[in-house]
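Q: Please take a close look at one residue in this model. Then set that residue against the chain as a whole.

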Amino acid sequence: MADNMDHGYYAKIVSEGSAWSLRVNDLHLRDNVEVGFGNSTGNIGRAVQPGRNTVSILFAPITGKNPETGEYEQSLRDGVSFEVTIERLDFKTRESLEVNALHIVFDEEKNRFVNRPQTRFGQDRVMRFPLLWSEGKFELSEQQTEKLILANGQTFDAYRLDLEFYVDDKQLWPHHWESQAVPLEDTPEMRQELWSAYQELHALFQSGDTEEFFRRMEQSWARAAHIYTMNLKSGREFIEDTRMGLATYQPVRPDGKTLQPLFLASDLQNAAVQLYANDRLAWIRPGPIYWEDPDTGEREWVSVVFFKTPTGEWKIAEINIGL
């Protein structure tokens with residue numbers, strides 16, 4: 001088996017004036033709901049591919065809530081800004097390479113985003129290393145053609161901001177679903193199929209057959225071990241290294257949390273179904289599967305994401321933990 005990665009990739013995003021979600025190569029990674037000032041850093045290693053990569057920010061420049069209608073209002077305005085830094089971190093030496101791929105600020109007078117040559121600290125932006133680089137170019141949708149879907153299912157019309165970076169890296173593995181997943185279309189029939197996949201998985205959790213769940217997750221966890229750890233060599237080692245291991249997915253967990261009935265925030269046809277990875281992966285937000293502590297009411301969701309094969313079978317792509 002190939003050695004695990006000895007380095008990782010991170011995206012540092014500082015924003016003002018917007019709620020947003022982050023995608024890399026159209027894989028959903030995490031959300032930001034701090035509209036005033038957002039400062040978010042997280043691992044993007046599971047989404048990075050050799051060569052060219054695309055960072056996408058789906059954003060809604062929210063100004064506040066209309067007191068009469070209760071609806072959130074949006075406007076591109078002075079001060080709406082994004083600064084994106086991509087980091088390559090060596091796990092052994094802790095050497096950090098940081099590329100300041102983007103710094104833009106909206107200018108109402110010019111009615112467009114203005115590219116800033118310096119960081120918010122006034123330093124010249126660094127754009128190139130031998131193993132990591134960016135041209136600093138970006139594209140912005142003219143209209144709010146995207147949907148920003150947050151973890152609670154709240155949905156906003158959104159702009160899409162795309163920028164590119166490049167890596168010279170031969171250690172990155174492809175996803176196990178890439179050669180199998182077919183494009184999906186959000187239709188009532190697709191929603192019913194997706195819901196059936198959740199129902200079948202929930203029944204598996206209820207049965208307590210954690211070994212069958214491991215079989216379904218093994219490839220995803222093996223890839224996570226390769227990307228995120230230096231010493232875990234398999235999917236089995238990866239899950240056993242977590243706090244409760246496979247017992248996390250028992251109907252009653254060692255920490256006392258108990259599997260609850262499937263949850264939908266609204267009826268299925270109005271639920272917040274999100275497609276990503278070029279419409280090949282699907283999940284419902286908030287997730288329908290969760291455990292709850294009977295004493296405290298504390299809840300813990302398992303955010304399962306599915307794909308569909310050419311034969312019509314629905315399989316697990318990943319558990320999206322929002323890194």
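A: What follows starts at one threonine and then widens to the whole chain.

The model is predicted. The residue is Thr-210, and it lies in helix 2, which covers residues 210–228. Is Thr-210 buried or exposed? Its relative accessible area is 15%. The cut-off for buried is under 20%, so Thr-210 counts as buried.

Which residues does Thr-210 touch, once its neighbours within four places in sequence are left aside? Thr-210 is in contact with Leu-246, Tyr-249 and Gln-250.

Now the chain around it. The protein chain holds three helices and 21 strands. Its radius of gyration is 21 Å, and the globule rule gives 20 Å for 323 residues; the two are close, so the chain is as compact as a globular protein of that length. The C-alpha trace spans about 60 × 55 × 45 Å along its principal axes.

Burial comes next. Of the 323 residues in the protein chain, 51% are buried. Thr-210 is one of the buried residues.

Contacts can be viewed chain-wide too. Take those between residues at least 6 apart in sequence: 65% of them join residues at least 24 apart.

Last, surface and charge. The accessible surface of the protein chain is about 15500 Å². Carbon and sulfur atoms account for 46% of that surface. The chain carries 34 positive and 51 negative charges. The mean positions of these two sets are 3 Å apart.

Notes
Residues are numbered from 1 along each chain as its sequence is written. This is a predicted model: local features need pLDDT of at least 70, side-chain atom pairs count only at pLDDT 80 or more; totals for chains, interfaces and linings use all residues. Side-chain values use heavy atoms; hydrogens and water are left out. Helices (H or I, at least four residues) and strands (E, at least two) are DSSP runs, numbered from the N terminus. The radius of gyration is taken over C-alpha atoms; the globule rule is 2.2 Å times the number of residues to the power 0.38. Buried means under 20% relative accessible area, exposed over 50%, partly exposed in between (1.4 Å probe, protein chains only). Contact means heavy atoms within 4.5 Å. Accessible areas come from the Shrake-Rupley method with a 1.4 Å probe; for residues, only the protein chains shown count as cover. Lys and Arg count as positive and Asp and Glu as negative; His and the chain ends are not counted. The place of a charge is taken as NZ of Lys, CZ of Arg, CG of Asp or CD of Glu.
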